[in-house]
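Trainee: I've got a new model open and I'd like to learn how to read it. Could you walk me through it, feature by feature?

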Amino acid sequence: QLQASGGGLVQPGGSLRLSCVGSGRIVTSYPLGWFRQASGKERELVAAITWGSGHIYYADSVKGRFDISRDDSKNTMYLQMNSLKPEDTAVYYCAACGTYPDCRPLLATWGQGTQVTVSS
């Protein structure tokens, strides 16, 4: 499993940086993705990145505001979130991708997510 962290409460227009850490083989061998699930809504893919950062996908709703990256030497993936909006409020999860760029999760279970709340 991969574990997300770094969430919190931020005002509209603010920034947060999420981190995702997992076991070495999972993190370094597969594309990785960030998902989010708002209350009462289905989980959705936010961004995905291939091994070696060769290709990146962003959902239209975050394009130009979010930046996904990975550091395979640290078994870590990041999501830099800028210009945050109230509609970005959700629990954010990370996952290894069985497919790309749609990132169907490789594993059947989800790791711990991190809550992001954008509110004044």
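Trainee: Let's start in the middle of things: in which sense do S5 and S6 pair, and over how many bridges?

Mentor: General idea to begin with: strands of a sheet pair through backbone hydrogen bonds, either parallel or antiparallel. Two strands count as paired if DSSP finds at least two bridges between them. Here S5 and S6 pair in the antiparallel sense, over 3 bridges. One spot to click on is Ala47, which stands opposite Tyr58 in S6. Before we go on, a word on the source: this is a predicted model, so local features need pLDDT of at least 70 and side-chain atom pairs count only at pLDDT 80 or more, while totals for chains, interfaces and linings use all residues. Also, residues are numbered from 1 along each chain as its sequence is written, and side-chain values use heavy atoms, with hydrogens and water left out.

Trainee: Got it. How many helices and strands are there in the protein chain?

Mentor: The labels come from DSSP runs, numbered from the N terminus: helices are H or I with at least four residues, strands are E with at least two. By that rule the protein chain has 1 helix and 10 strands. Read from the N terminus on, the elements go β-β-β-α-β-β-β-β-β-β-β.

Trainee: In what order do the strands of the open sheet come?

Mentor: The order is S2-S10-S9-S4-S5-S6, so to speak a walk across 6 strands, and the pairing is mixed. The edges are strand S2 (8-10) and strand S6 (56-58); each has a single partner strand, so one side of each is left without a neighbour in the sheet. From one strand to the next, the twist averages 25 degrees (axes are lines fitted to C-alpha atoms, for helices over the stretch in contact, and angles run from 0 to 180 degrees between N-to-C directions).

Trainee: Which other pairs can I look at, then?

Mentor: Try strand S4 (residues 32-37) with S5: they are antiparallel, with 5 bridges. Trp34 has Ala47 as its bridge partner in S5. Then there's strand S9 (residues 90-96) with strand S10 (residues 114-118), which run antiparallel and are joined by 3 bridges. There, Val91 is partnered with Gln115 in S10.

Trainee: Which residues take a positive phi in the hairpins?

Mentor: In the hairpin of S4 and S5, with 6 residues between the strands, look at Gly40, whose phi is positive, near 80 degrees. The hairpin of S5 and S6 also has 6 residues between the strands, and there Gly52 has a positive phi near 75 degrees.

Trainee: How many of the residues of S5 are buried?

Mentor: Buried means under 20% relative accessible area, exposed is over 50%, and partly exposed is in between (1.4 Å probe, protein chains only). In S5, 5 of the 6 residues are buried, so this strand is largely enclosed by the rest of the structure. Across the protein chain, buried residues make up 42% of the 120 residues.

Trainee: Is Thr50 buried or exposed?

Mentor: Thr50 sits in the loop between strand S5 (44-49) and S6, and it counts as buried because its relative accessibility is 16%. Its side chain reaches the backbone nitrogen of His55 at 2.8 Å. That's a polar contact: a pair of N or O atoms within 3.5 Å, where within protein one must be able to donate a hydrogen and the other to accept it, and residues adjacent in sequence count only if both atoms are side-chain atoms. Contact in general means heavy atoms within 4.5 Å. Leaving aside neighbours within four places in sequence, Thr50 is in contact with Pro31, His55, Arg70 and Tyr100.

Trainee: How many disulfides does the count come to?

Mentor: The rule asks for a pair of cysteine sulfur atoms within 2.5 Å, and the count comes to 2 disulfides. One joins Cys20 to Cys94, S to S 2.1 Å. Cys20 lies in strand S3 (residues 16-21) and Cys94 in strand S9, so the pair ties together parts that are 74 residues apart in sequence. With 85 degrees about the S-S bond, that link of Cys20 and Cys94 is right-handed.

Trainee: And what about Cys97 and Cys103?

Mentor: Cys97 and Cys103 form a disulfide too, with sulfur atoms 2.1 Å apart. Their link is left-handed, at -80 degrees about the S-S bond.
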